[in-house]
Amino acid sequence: MSTARFEAFLARIYVDAEARARFLADPRGEAMRAGLAEREVSALEKIDRVGLELAAQSLQRKRRRRFRRLFHTR
Amino acid sequence: MIPASIAAGSDRFGLGWRRELAVGILSHLDRIDVVEVMADDLFDAPRRERRSLRTLAAQTSVVLHGVSLGAASSAPVETERLDKIARLCAEVEPQFWSEHLAFVRGGGVEIGHLTAPPRTLATVEGAAANLNRARSIVGTAPLVENIATLIDPPGSDRDEVTWISEILATSDCPMLLDLHNLYANGLNFGADPMEALAQLPMDRVAAVHLAGGRWIGASGARRLLDDHLHDVPEPIYDLLAEVGARAPYPVTVILERDGRYPPIELLLDQLERARRSLAAGRARRAARTDRGAA
């Protein structure tokens, strides 16, 4: 568990709304297509869906805030 | 291990440096022991901003805080980022620098903020390797901070306290204990933050973060978001008192505020409240020590 590939998969579904929607529609299929190990696929099938949506929304807000800071403070 | 310079000091209280708070901070340095500066804001800053930081460091104690290293990952941290931290530390000579136990990128995707990795042996070992590299390149080990998460990290096979404790043991780094992060994770995922303080290795705690947050999400599926936009809630002061009772070494307590800035007096009042809470815990600790000696 916690291979670089697994972390990359998580990063993708946290920031990419389309990838997240595809994943939520078919967690096992998307995880397998990404080449993840069976235990990783299995972990993703049990993902905390409420947390995933809230985290993705929060991350998007924080990225926007960070960009605003970067471009308006210098 | 706690650096000797920290172990020999005393409890200190300060604020996170933000442009919007600059005037308030500079006008009240008699009530602020230390200022925490965001390292990432300065990596590519113009020379005048870095000069201002050196001026600030000449007036008060400064510590540096990083957000983009991504140390808690099975992937190696980028050498270029560590070089930037090393240069900044050499320039500012902070009392310490700190980073988060988070992953912030994977497979070329920048998440753009702190994210909890799977809590597994692989991320324990990855974090230890990354933190050892950080120590080697920067010259000092970072204090490592626990983060808040809205999602129960997928693929985890151990709880948060166990995972953090293992990283502290294998990396030999001191800890920056964020009490609101611990509190939020506890409320969101059913753990008792006071119990977490009983389990964490408190002899590693060298600094503490305080902040506030707000509830988000629909009813029945709400989570506490650590947004740094709200006042420090009362339970955090209770946790700080417990830190005072349990932590054997002096701690640097930083109040973080990232927006919706209130008048500086209100933040200073929260710092004073923090001083009283930590002092109450210290008194409990001293009484226990006295009873033990009697």
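What follows is a chat between a biologist and a modeller about a predicted model.

Biologist: Before we start, what pLDDT do local features need in this predicted model?

Modeller: Residues are numbered from 1 along each chain as its sequence is written, while chains are lettered from A and ligands numbered from 1 in the order in which they are written. This is a predicted model, where totals for chains, interfaces and linings use all residues, side-chain atom pairs count only at pLDDT 80 or more, and local features need pLDDT of at least 70.

Biologist: Let's take chain A. How many helices and strands does it have?

Modeller: Helices (H or I, at least four residues) and strands (E, at least two) are DSSP runs, numbered from the N terminus. Along its sequence, chain A reads α-α-α-α-α. The tally for chain A is five helices and zero strands.

Biologist: And what percentage of chain A counts as buried?

Modeller: A residue is buried if 20 or more other C-beta atoms lie within 10 Å of its own, exposed if 12 or fewer, and partly exposed in between, with C-beta atoms placed from the backbone. Chain A has 74 residues, and the buried part is 31%.

Biologist: Which element of chain B supplies the largest share of the side that touches chain A?

Modeller: Two residues are in contact if their C-beta atoms, placed from the backbone, lie within 7 Å, and 29 residues of chain B are in contact with 28 residues of chain A. On the chain B side, β5 (103-106), β6 (109-115), α5 (121-138) and β11 (223-225) each supply at least two residues. The largest share, five residues, comes from β6(B).

Biologist: Is β6(B) mostly covered or mostly open, and which strand does it pair with?

Modeller: Five of the seven residues of β6(B) are buried, so to speak of it as mostly covered is fair. Two strands pair if DSSP finds at least two bridges between them, and here three bridges make an antiparallel pair. The two strands form a hairpin with two residues between them, where B:G107 in the turn has a positive phi of about 55 degrees. The partner of β6(B) is β5(B).

Biologist: Over to strand β3 (residues 61-65) of chain B. What is the handedness of the crossover that leads into it from β2(B)?

Modeller: Strand β2 (residues 34-38) of chain B pairs with β3(B) in the parallel sense over five bridges, and B:V34 stands opposite B:S61. The chain gets from β2(B) to β3(B) through helix α3 (residues 47-59). A crossover is right-handed if, with the strands pointing away from the viewer, the path from the first strand over the helix to the second runs clockwise. This β-α-β crossover is right-handed.

Biologist: Which helix does the chain cross through from β3(B) to β4(B)?

Modeller: β3(B) and strand β4 (residues 97-100) of chain B run parallel, joined by two bridges. B:L64 stands opposite B:W97 in β4(B). The right-handed β-α-β crossover between them goes through helix α4 (residues 79-92) of chain B.

Biologist: Why do the buried residues of α4(B) lie on the same side?

Modeller: The buried residues in α4(B) are B:R81, B:L82, B:I85, B:L88 and B:V92. An α-helix has 3.6 residues a turn, so residues three or four places apart point the same way. The buried residues sit on the same side of α4(B) because they cover an arc, taken from the directions from the helix axis to the C-beta atoms, of only 125 degrees.

Biologist: Which exposed residues does the opposite face of α4(B) carry?

Modeller: The buried residues of α4(B) pack against α3, β3, β4 and α5 of chain B. The face turned away from that buried side carries B:T79, B:E80 and B:A90.

Biologist: How many residues of helix α7 (residues 179-189) of chain B are buried?

Modeller: Among the buried ones are B:L179, B:Y183 and B:N188. The buried residues of α7(B) pack against several elements of chain B, including β9 (205-210) and β11. The helix is largely enclosed by the rest of the structure, because its buried residues number eight of the eleven.

Biologist: Last one: does B:R260 count as buried or exposed?

Modeller: B:R260 lies in the loop between β12 (252-255) and α10 (264-293) of chain B. Its phi is positive, about 45 degrees, although it is not a glycine. With 11 C-beta neighbours inside 10 Å, B:R260 counts as exposed.
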